[in-house]
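Q: Please take a close look at the side-chain contacts of this structure. I would like one connected account of them and of the features around them.

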Amino acid sequence: MVIEQIKMPQLGESVTEGTISKWLVSVGDKVNKYDPLAEVMTDKVNAEVPSSFTGVIKELIANEEDTLAVGEIICTIEVEGGESPQAKTEAVAPASSSSAETTAPVDQGNKARYSPAVLKISQEHGIDLTQVSGTGAGGRITRKDLLKLIESGNIPVAGQRMEAVKVEAVVQPEPQKQEVAQPVSTSTPKPSSAQPVHIPVEAGDIEIPVTGIRKAIAANMLRSKHEAPHAWTMMEVDATNLVDYRNSLKDEFKKKEGFNLTFFAFFVKAVAQALKEFPQINSMWAGEKIIQKKDINISIAVATDDALFVPVIKNADEKTIKGIAREISELAVKVRTGKLRSEDMQGGTFTVNNTGSFGSVQSMGIINYPQAAILQVESIVKRPVVMNNGMIAVRDMVNLCMSLDHRVLDGLVCGRFLQRVKEIIENTSKSTTSIY
């Protein structure tokens, strides 16, 4: 019999860790290859982790609500045949240990296999990993261990003689900082500490535990706000022609197609068209370079009672309004029935958020990291408007609110982009626009 390891998979682009929300198996259970083992939550998706082997569950290394880096072991399975674990270990063991390894604690066999996230943070902050005692399974050093050390200021540096630093508690991590080409003054203030605040609980107060997915959302939003210098702009749009056109079609469309023709589909199509004309907006910050994406993949925010998911409409510029409306409907159903897959969440290049669905008329969205911008489509409301001829008329007006990463984008290009979206929406009518 051989003991095999199941590790935390990467469930999306830029995902570095996941939270075990629920185990679907117990120690001693017989499982087949591809059977689901656990439900895992990240800031991008809620998915099941399948077994890579047929065998018997030997040990559940991670507990429910534990957050592990991609590549960390979550459980072990006993399978028949194959090479023994000892032989496999000896096969990969080096002939001699480096000087750095000899200074590591006895536990080093587990901790030496650092995750990519741990290596990245240690390199950015000059942390000597041989002097760190981790809290992960088998003494593994986790991303949260390093973020805790950085926050405390007690960073072990190579060459210093000190005892291994023991990380005793894990707190909400500060976001990793992107390196910049130009030197940064050492007097630059750091983001405020994420230490939890003590709040007295009075009679009648309700304490609500923070779920793994809420923690993941919080961490991603915190990273976006701390790393990306947000700027904000808003434009007022006359959507009267769009409202009249859509209202004239919606009943017949629903009867024929079986799903709703929403206003949001028209806005997503307008944004996709404008992104094609202003490709600078369809970009991402990557440290010393900016990546301008070829494909136009629109992320849309879909909320449940306790979580927010951001599925993606791929190649939105190539789809009709009908096609976009269908995808919006299908993705929303997947989210609310728990059937959203990891691939449904990947590849987004720009986010459009339908904040108007709950009556908002003005808001500032947090950018969906690592994208460069997010557009909030607010509620369409009837308002008196002064027309070009000086007359006052009641029109259907909507505010488009755009948050942008000022490292990537400037006000000029964003203003022109929003002006183009405004032009498309204001000229949407039966005579100019086809939904097919």
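**Side-chain contacts and their surroundings**

A: Lys294 is exposed, at 77% relative accessibility (exposed means over 50% relative accessible area, buried under 20%, and partly exposed in between, with a 1.4 Å probe and protein chains only). The model is predicted, so local features require pLDDT of at least 70 and side-chain atom pairs count only at pLDDT 80 or more, whereas totals for chains, interfaces and linings use all residues. Residues are numbered from 1 along each chain as its sequence is written, and side-chain values use heavy atoms, with hydrogens and water left out.

Lys294 forms a salt bridge with Asp295, the closest N and O atoms being 3.9 Å apart (a salt bridge is a side-chain nitrogen of Lys or Arg within 4 Å of a carboxyl oxygen of Asp or Glu). Asp295 is partly exposed, at 37% relative accessibility. The structure has 16 salt bridges by this rule. Side chains of opposite charge can pair when their charged atoms come close.

One of these bridges joins Asp405 to Arg407, with an N to O distance of 2.8 Å. Asp405 is buried, at 2% relative accessibility, whereas Arg407 is partly exposed, at 22%. Another links Glu343 and Arg341, at 3.6 Å from N to O. The relative accessible area is 40% for Glu343, which is partly exposed, and 41% for Arg341, which is partly exposed as well. Glu343 and Arg341 also belong to a network of salt bridges that includes Lys334 and Asp344.

An uncharged contact is found at Thr19, in strand 2 (residues 17–23) (strands are DSSP runs of E with at least two residues, helices runs of H or I with at least four, numbered from the N terminus). Thr19 is buried, with a relative accessible area of 5%. The side chain of Thr19 makes a polar contact with the side chain of Thr67 at 2.8 Å (a pair of N or O atoms within 3.5 Å, one able to donate a hydrogen and the other to accept it; residues adjacent in sequence count only if both atoms are side-chain atoms).

Thr67 in turn helps to line the second largest cavity, together with Glu17, Leu68, Ala69, Glu72, Thr142, Arg143 and Lys144. The elements that give two or more residues to this lining are strand 7 (67–69) and helix 5 (143–152), and strand 7 gives the most, with three residues. About 30 Å³ of space lies in this cavity. On a 1 Å grid, a cavity is a set of points where a 1.4 Å probe fits but cannot get out, and lining residues have an atom within 4 Å of a point; points are joined across faces, edges and corners, and the volume is the space filled by probe spheres set on them. The lining divides into two nonpolar, two polar and four charged residues (Asp, Glu, Lys and Arg count as charged; Ala, Val, Leu, Ile, Met, Phe, Trp, Tyr, Cys and Pro as nonpolar; the others, Gly among them, as polar).

Some backbone features complete the account. The peptide bond from Tyr369 to Pro370 is cis, with omega near 5°, and Pro370 lies in the loop between strand 18 (350–353) and strand 19 (373–377). Tyr34, a residue other than glycine, has a positive phi near 80°; Tyr34 is exposed, with a relative accessible area of 61%.

Terms used
On a 1 Å grid over the protein atoms alone, a cavity is a set of points where a 1.4 Å probe fits but cannot get out, and a pocket is an open set with protein on both sides within 12 Å along at least five of seven lines; lining residues have an atom within 4 Å of a point.
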